[in-house]
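Colleague: Before we discuss particular residues, please show me the entry in question. I shall then put my questions one at a time.

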Amino acid sequence: MHNEPSAVRILRRIGDSPRLRGSVTDTTCPDLFELSDGSFAVIGTDRTEELDGLLPEDAARADYERIVVITRETLLRAKRDIPDV
């Protein structure tokens, strides 16, 4: 569902900061954030052009959506901060 920007705020980082994951620049690395509306924001590498044609038949993306890739380490370190329910 595509939502127009509103008063949504970043509540917290999910997982470790780039610095704790060993980023050379300390700031410009994949990242995950929980938003005040309950959704999540992802900073990652846009690989839409490369992966779009490889999506399974039951998957699709809208024109305003992008396929964003984050490292395995980023997601695994975020796991502890993601609720089970």
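Colleague: What share of the accessible surface of the chain belongs to carbon and sulfur atoms?

Modeller: This is a predicted model, in which local features need pLDDT of at least 70 and side-chain atom pairs count only at pLDDT 80 or more, while totals for chains, interfaces and linings use all residues. Residues are numbered from 1 along each chain as its sequence is written, and side-chain values use heavy atoms, with hydrogens and water left out. Accessible areas come from the Shrake-Rupley method with a 1.4 Å probe, and for residues only the protein chains shown count as cover. The accessible surface of the chain comes to about 6,700 Å², and the share of carbon and sulfur atoms is 54%.

Colleague: Which element of the chain has the lowest mean pLDDT?

Modeller: The predictor's confidence in each residue, pLDDT, runs from 0 to 100; its mean over the chain is 86, with 89% of the residues at 70 or more. Helix H1 (residues 48-51) has the highest mean among the elements, 97. The lowest, 89, belongs to helix H2 (residues 72-78).

Colleague: What pattern does the chain follow along the sequence?

Modeller: Helices (H or I, at least four residues) and strands (E, at least two) are taken as DSSP runs and numbered from the N terminus. On that basis the chain has two helices and five strands. Read along the sequence, their pattern is β-β-β-β-α-β-α.

Colleague: What is the order of the strands in the open sheet?

Modeller: Two strands pair if DSSP finds at least two bridges between them. S1 and S2 run antiparallel and are joined by three bridges, while four bridges join S2 to the antiparallel strand S3 (residues 40-43). The open sheet of three strands therefore has antiparallel pairing and the order S1-S2-S3.

Colleague: By what angle are neighbouring strands of this sheet turned against each other on average?

Modeller: The edge strands of the open S1-S2-S3 sheet are S1 and S3, each of which pairs on one side only. Axes are lines fitted to C-alpha atoms, for helices over the stretch in contact, and angles between N-to-C directions run from 0 to 180 degrees. With direction ignored, the average turn between neighbouring strands is 30°.

Colleague: Which residue in the turn between S2 and S3 has a positive phi?

Modeller: S2 and S3 form a hairpin with four residues between them. Across this strand pair, Asp31 stands opposite Ile43, and Leu32 stands opposite Val42. The residue in the turn with a positive phi, of about 90°, is Gly38.

Colleague: Which residues point one way from S2, and which the other way?

Modeller: In a regular strand, side chains alternate between the two faces of the sheet. Five of the five residues of S2 are buried, so the strand is largely enclosed by the rest of the structure; buried means under 20% relative accessible area, exposed over 50% and partly exposed in between, with a 1.4 Å probe and protein chains only. One way from S2 point Asp31, Phe33 and Leu35, and the other way Leu32 and Glu34.

Colleague: How far apart in sequence are Glu34 and Arg12?

Modeller: A salt bridge is a side-chain nitrogen of Lys or Arg within 4 Å of a carboxyl oxygen of Asp or Glu. Glu34 and Arg12 meet in one, at 2.6 Å from N to O, and the pair links strand S2 (residues 31-35) to strand S1 (residues 10-13). Glu34 is buried at 18% relative accessible area, whereas Arg12 is partly exposed at 33%. Their separation in sequence is 22 residues.

Colleague: Is Asp31 buried or exposed?

Modeller: The side chains of Arg13 and Asp31 form a salt bridge at 2.9 Å, N to O. Arg13 lies in S1 and Asp31 in S2, so the pair ties together parts 18 residues apart in sequence. Arg13 is partly exposed at 33%, but Asp31, with a relative accessible area of 3%, is buried.

Colleague: With which residue does Arg61 form a salt bridge?

Modeller: The whole structure holds seven salt bridges. Arg61 is partly exposed, with a relative accessible area of 26%, and Asp52 is also partly exposed, at 31%. The closest N and O atoms of the pair are 2.9 Å apart, and the partner of Arg61 is Asp52.

Colleague: How far apart in space are Ile10 and Glu34, C-alpha to C-alpha?

Modeller: Ile10 is found in strand S1 and is exposed, with a relative accessible area of 55%. Contact means heavy atoms within 4.5 Å; beyond its neighbours within four places in sequence, Ile10 is in contact with Phe33, Glu34 and Leu35. Ile10 and Glu34 are 24 residues apart in sequence, and in space their C-alpha separation is 6.1 Å.
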